[in-house]
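Me: Could you go through this model with me, taking the contact between the chains first and then a few salt bridges and a helix?

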2 protein chains.
Amino acid sequence: MKTALVALGGNSLLRPKDDGTAENQYKRMKESCVILADMIDEGYDLVFTHGNGPQVGNILLQNEISSKSVPPMPLDICVAQSQGQIGYIFQQVLNNELKKRGVKRKVVSIITQVIVDSDDPAFDKPTKYIGPYYTKEEADKLNKKLGWSLKEDKKGQYRRVVPSPKPKGIVESDVIKALVFSGLDGPLVISAGGGGVPVLEKEDSFVGVEGVIDKDLASAVLAADIDEEFFIMLTRVDHVYLDFGTIEERKIHEMNIQEAERYLEEGQFPPGSMGPKIEASIHFLKKGGKKVLITSPEKLSDALDGDNGTYIYP
Amino acid sequence: MKTALVALGGNSLLRPKDDGTAENQYKRMKESCVILADMIDEGYDLVFTHGNGPQVGNILLQNEISSKSVPPMPLDICVAQSQGQIGYIFQQVLNNELKKRGVKRKVVSIITQVIVDSDDPAFDKPTKYIGPYYTKEEADKLNKKLGWSLKEDKKGQYRRVVPSPKPKGIVESDVIKALVFSGLDGPLVISAGGGGVPVLEKEDSFVGVEGVIDKDLASAVLAADIDEEFFIMLTRVDHVYLDFGTIEERKIHEMNIQEAERYLEEGQFPPGSMGPKIEASIHFLKKGGKKVLITSPEKLSDALDGDNGTYIYP
């Protein structure tokens with residue numbers, strides 16, 4: 001049986017020039033789901049995670065604009081809402097694509113909490129930009145009023161920054177695992193959307209915390225937790241590159257953990273984009289994973305045949 | 001094994017005088033979950049549904065207020081977001097209450113689509129009020145601009161009305177059933193939140209549609225679909241009453257389908273409140289259900305001992 005966990009990048013759901021309407025989200029989701037349904041039709045048993053950047057950004061903006069009329073929800077609840085939004089569209093569109101192919105499996109989305117550590121240094125030094133831009137004056141006001149941390153993102157334009165703590169475990173992983181391994185007539189599961197809702201473990205209770213977990217790192221933790229052997233990250237680029245954007249740019253077709261760690265140390269992979277994907281790959285392979293593939297949705301089919309994408313092995 | 005499907009009324013999540021903040025929602029949820037966790041601790045295997053009135057109302061209002069900056073989402077997506085929001089809070093709080101009692105079962109929320117019929121007369125005659133109030137002028141403008149139906153709710157105050165079609169089936173019911181009957185170490189499932197996201201079945205595809213499904217009717221369809229025998233609706237009142245609000249008011253301790261149908265025809269149960277609960281009871285019992293209980297969360301424990309609440313039998 002060929003199985004894999006597939007992490008859908010934000011790009012598979014909305015692109016920078018997309019307008020973010022529901023129609024637009026359905027269109028992009030359909031493009032991605034045609035590719036995923038083909039893969040399932042060819043005999044793959046898959047489990048899914050996904051990004052939520054633009055969607056949770058819009059939910060936060062809605063909360064803020066309407067805060068005089070509607071009590072704004074904290075970030076963890078906004079992430080949960082984005083899991084509902086994207087999960088619904090994803091399960092509906094993928095279900096429909098599978099039905100067209102005569103595949104009688106259901107797709108379900110599970111609201112997922114991801115455990116982070118209150119000692120994580122990220123809580124002392126928030127780095128993840130979220131939500132809209134503000135002037136210096138507005139930023140100072142928001143800091144005073146709501147205690148937000150704000151930093152200059154572009155020149156003169158400030159944005160809220162939140163912690164991006166490392167995922168330590170998935171609260172619902174045993175349920176996800178049971179569903180994923182319930183066989184070929186069992187459901188296909190969407191979970192850990194947007195990196196999951198971050199929660200702290202306090203005196204045997206889970207408590208939501210404001211933050212954003214990198215979705216590739218959360219996906220790697222989930223993949224390892226449920227003993228998945230193959231982890232696929234779908235993103236904007238077809239390959240991982242060395243010296244990306246320079247005249248020396250070259251594709252990596254295959255590498256092992258040691259090479260990946262060395263390139264990461266050399267600063268080959270920027271922190272905001274490819275870096276977390278390589279970190280996630282290393283985490284997964286060290287926890288017993290057998291194979292990682294990084295490629296674009298368009299090149300996924302070729303990559304599965306070994307003709308494209310970047311593979312990382314232990 | 002004692003099993004039941006429990007439908008949590010909106011009142012268990014937020015009350016009319018509550019302010020709707022996250023803190024407030026957590027507080028109410030905790031009150032409800034203490035009662036539910038006690039019931040599980042006493043040996044009940046439960047599956048849950050819940051309302052979403054105030055929450056989806058707030059999400060709609062946020063969408064509208066910020067519509068110049070953020071593309072507003074259609075009602076079906078807003079319902080899915082409310083399932084994410086409430087499902088997250090519900091599963092977290094109930095998980096924590098169970099942990100305190102040493103019960104090692106996980107609680108998970110499943111995003112749920114509920115099938116409605118495009119021929120449902122509700123689509124020609126929307127009756128369900130949602131969202132904020134408008135003046136006559138604003139209402140006319142929204143009708144012209146967005147094609148909304150608006151009706152006078154209170155004198156001079158108009159609100160959007162949407163169809164409330166009857167639920168015909170639950171897209172994810174086989175997955176929910178498999179989870180629910182996976183045994184006492186299996187997960188506790190929250191699903192069909194807010195009556196579920198309404199979808200039409202078109203040429204073998206499911207497509208979201210703007211509308212609101214009564215949560216008690218959707219819960220009854222789900223309970224019957226998964227062969228649950230006991231259906232509990234938690235609401236504001238401890239009992240069902242005859243001649244409610246008059247000097248002749250009296251509690252019903254027990255009735256059968258025939259009595260329920262007769263009282264319903266007599267107009268004993270108003271369409272907006274007790275009516276759908278009685279309709280839901282009749283649907284469930286006719287589909288093979290064995291027992292319905294309608295009571296308040298506070299009286300649930302007494303009611304399970306037979307000392308309170310209204311029971312309905314086939």
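Reply: What follows takes the chain contact, then some salt bridges, then a helix, and please keep in mind that this is a predicted model.

Me: Okay, how many residues does each chain put into the contact?

Reply: Chain A contributes 52 residues and chain B contributes 52 residues, and between them the two chains bury about 4,400 Å², with 60% of that area on carbon and sulfur atoms.

Me: Which residues of chain A lose the most area to chain B?

Reply: Those are A:Gln62, A:Tyr88 and A:Lys99, which together account for 15% of what the chain A side buries.

Me: And how many polar links run across, salt bridges included?

Reply: Between chain A and chain B there are 22 residue pairs in polar contact, counting pairs with both residues at pLDDT 80 or more, and the rule finds five salt bridges across the interface. One salt bridge joins the side chains of A:Lys106 and B:Asp174, at 3.5 Å from N to O.

Me: Which element of chain A gives the most to that side?

Reply: That is α3(A), with 13 residues on the side that touches chain B. By class, this side of chain A is made up of 25 nonpolar, 19 polar and eight charged residues.

Me: Back to A:Lys99, what does it form a salt bridge with?

Reply: The partner of A:Lys99 is B:Asp204, and their closest N and O atoms are 4.0 Å apart. Because A:Lys99 sits in helix α3 of chain A while B:Asp204 sits in the loop between β10 (197-202) and β11 (205-208) of chain B, the pair joins two chains. As for accessibility, A:Lys99 is partly exposed at 24%, and B:Asp204 is partly exposed as well, with a relative accessible area of 46%.

Me: How many salt bridges are there over all chains?

Reply: The count by this rule is 43 over all chains. In chain A, a network of salt bridges links A:Lys30, A:Asp38, A:Glu97, A:Lys100 and A:Arg101.

Me: Switching to chain B, where do B:Arg28 and B:Glu31 lie?

Reply: Both are in helix α1 (residues 22-41) of chain B, three residues apart, which is about one turn of the helix. They form a salt bridge whose closest N and O atoms are 3.0 Å apart.

Me: Is B:Arg28 buried or exposed?

Reply: B:Arg28 is buried, because its relative accessible area is 11% and the cut-off for buried is under 20%, whereas its partner B:Glu31 is partly exposed at 34% relative accessibility.

Me: What about B:Arg250 and B:Asp243?

Reply: Their side chains meet in a salt bridge at 2.5 Å, N to O. B:Arg250 counts as partly exposed at 40% relative accessibility, and B:Asp243 also counts as partly exposed, at 23%.

Me: Last topic, how many residues of helix α6 of chain B are buried?

Reply: Helix α6 (residues 215-225) of chain B is mostly covered, with 10 of its 11 residues buried; among them are B:Leu217, B:Val221 and B:Leu222.

Me: What covers those buried residues?

Reply: The cover includes strands β1 (2-8), β2 (44-50), β8 (169-170) and β12 (230-234), along with helices α5 (173-180) and α8 (274-286), each of them in chain B.

Me: And what is found at the ends of that helix?

Reply: At the N-terminal end of α6(B), B:Asp214 acts as a cap, with a side-chain oxygen 3.0 Å from the backbone nitrogen of B:Asp216. The helix is followed by B:Asp227, whose phi is positive, near 60 degrees.

Definitions and conventions: Residues are numbered from 1 along each chain as its sequence is written. Chains are lettered from A and ligands numbered from 1 in the order in which they are written. This is a predicted model: local features need pLDDT of at least 70, side-chain atom pairs count only at pLDDT 80 or more; totals for chains, interfaces and linings use all residues. Side-chain values use heavy atoms; hydrogens and water are left out. Contact means heavy atoms within 4.5 Å. Buried area is the accessible area (1.4 Å probe) that two parts lose on being put together, summed over both. A polar contact is a pair of N or O atoms within 3.5 Å; within protein, one must be able to donate a hydrogen and the other to accept it, and residues adjacent in sequence count only if both atoms are side-chain atoms. Helices (H or I, at least four residues) and strands (E, at least two) are DSSP runs, numbered from the N terminus. Ala, Val, Leu, Ile, Met, Phe, Trp, Tyr, Cys and Pro count as nonpolar, Asp, Glu, Lys and Arg as charged, and the others, Gly among them, as polar. Buried means under 20% relative accessible area, exposed over 50%, partly exposed in between (1.4 Å probe, protein chains only).
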